[in-house]
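Visitor: Please take me through one part of this structure at close range, and then place that part in its surroundings. I would like the cut-offs behind each term as we go.

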Amino acid sequence: GIDLRSDAVSIPTPVPVSPHRVAVVSAGPFHSLAITSEGVLLACGRNTHGQLGLGSRRDSSHFVRVAKLTHLATGASCGAHHSVICTARGLVFTCGLASRGRLGLGADALVTASNGTARRALQGAQARGAPGGEVDGGAESA
């Protein structure tokens with residue numbers, strides 16, 4: 001939610017997300033996700049590989065609603081170039097760079113999931129992790 005041209009912000013700074021009330025946040029090296037108390041997914045930051053889930057590869061310097069995800073989000077995690085989202089129904093959605101199997105679409109997937117829809121990597125699978133549907137995308141190298 002801060003201007004992409006800025007290198008650093010050295011004090012806690014309020015980020016505009018109105019009219020939403022944020023309940024969960026996840027920050028990666030290049031992008032961030034937020035989930036509102038109503039289960040709406042918001043995203044901002046770099047989007048080189050479609051990791052914001054917006055259906056494009058355009059960066060966003062402000063939090064925007066991820067309209068392509070039509071399910072209520074309960075948990076999210078940011079990797080360096082991908083995102084993992086858990087829903088209230090226990091579904092897992094992924095978007096971003098698909099190499100090395102990080103989207104759950106297969107180890108050698110050569111596609112980038114920015115084709116206009118959030119990708120359901122594990123149909124009907126329960127998200128593994130801490131209670132509340134938390135997931136951990138973990139750190140990764142390019």
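**A strand pair and its surroundings**

Guide: Strand β2, residues 31-36, and strand β3, residues 41-45, pair in the antiparallel sense over five bridges. Strands here are DSSP runs of E with at least two residues, numbered from the N terminus, and two strands pair if DSSP finds at least two bridges between them. This is a predicted model, in which local features need pLDDT of at least 70 and side-chain atom pairs count only at pLDDT 80 or more, while totals for chains, interfaces and linings use all residues. Residues are numbered from 1 along each chain as its sequence is written, and side-chain values use heavy atoms, with hydrogens and water left out.

Within this pair, Ser32 stands opposite Cys44 of β3, and Ala34 stands opposite Leu42 of β3. The hairpin that β2 and β3 form has four residues between the strands, and there Gly39 takes a positive phi near 85°. On its way through the sheet β3 also pairs with β4, again in the antiparallel sense, over three bridges; one detail of that pairing is that Ala43 has Val64 of β4 as its bridge partner.

Seen as a whole, these strands belong to an open sheet of four, in the order β1-β2-β3-β4, with antiparallel pairing. Because β1 (22-27) and β4 (60-65) stand at the edges with a single partner strand each, one side of each is left without a neighbour in the sheet. From one strand to the next the twist averages 15°, with axes taken as lines fitted to C-alpha atoms and angles running from 0 to 180 degrees between N-to-C directions.

How is β3 covered on its two faces? Leu41, Ala43 and Gly45 lie on one side, Leu42 and Cys44 on the other, and all of them are buried, where buried means under 20% relative accessible area, exposed over 50%, and partly exposed in between, with a 1.4 Å probe and protein chains only. Put as a count, five of the five residues of β3 are buried. In a regular strand, side chains alternate between the two faces of the sheet.

One of these residues leads into the interior. Leu41 touches Leu33, Ala34, Ile35, Val64, Arg65, Val66, Leu69, Ala73, Ala76 and Ile85, with residues up to four places away in sequence not counted; a contact means heavy atoms within 4.5 Å. A nonpolar core is a set of buried Ala, Val, Leu, Ile, Met, Phe, Trp, Tyr and Cys residues joined through side-chain atoms within 4.5 Å. The largest such core has 14 residues, of which Leu33, Leu41, Leu69, Ala73, Ala76 and Ile85 touch the most other members. At least two residues of this core come from each of β2, β3, β5 (73-78) and β7 (92-97), and β5 gives the most, with three residues. There is also a second, separate core of six residues, which includes Val17, Ala34, Val40 and Cys44. In soluble globular proteins, nonpolar side chains tend to be buried together.

At the edge, strand β4 contains Ser60, which is buried with a relative accessible area of 10%. A polar atom of the Ser60 side chain lies 2.5 Å from the backbone oxygen of His62.

Between β1 and β2, the loop holds Gly28, which counts as partly exposed at 22% relative accessibility. Gly28 touches Cys78 and Gly79, not counting residues up to four places away in sequence, and its C-alpha atom is 8.5 Å from that of His81, 53 residues apart along the chain.

For the wider setting, the protein has nine strands and zero helices, and 41% of its 142 residues count as buried. Of the contacts with a separation of 6 or more, 46% join residues 24 or more positions apart.

A note on confidence belongs here: the mean pLDDT, which is the predictor's confidence in each residue from 0 to 100, is 78 for the protein, and 70% of the residues reach 70 or more. Over residues 108-142 the pLDDT is below 50, although this stretch has 76 contacts in the model beyond near neighbours in sequence. Where pLDDT is low, the predicted coordinates should not be read in detail.

Key
A polar contact is a pair of N or O atoms within 3.5 Å; within protein, one must be able to donate a hydrogen and the other to accept it, and residues adjacent in sequence count only if both atoms are side-chain atoms.
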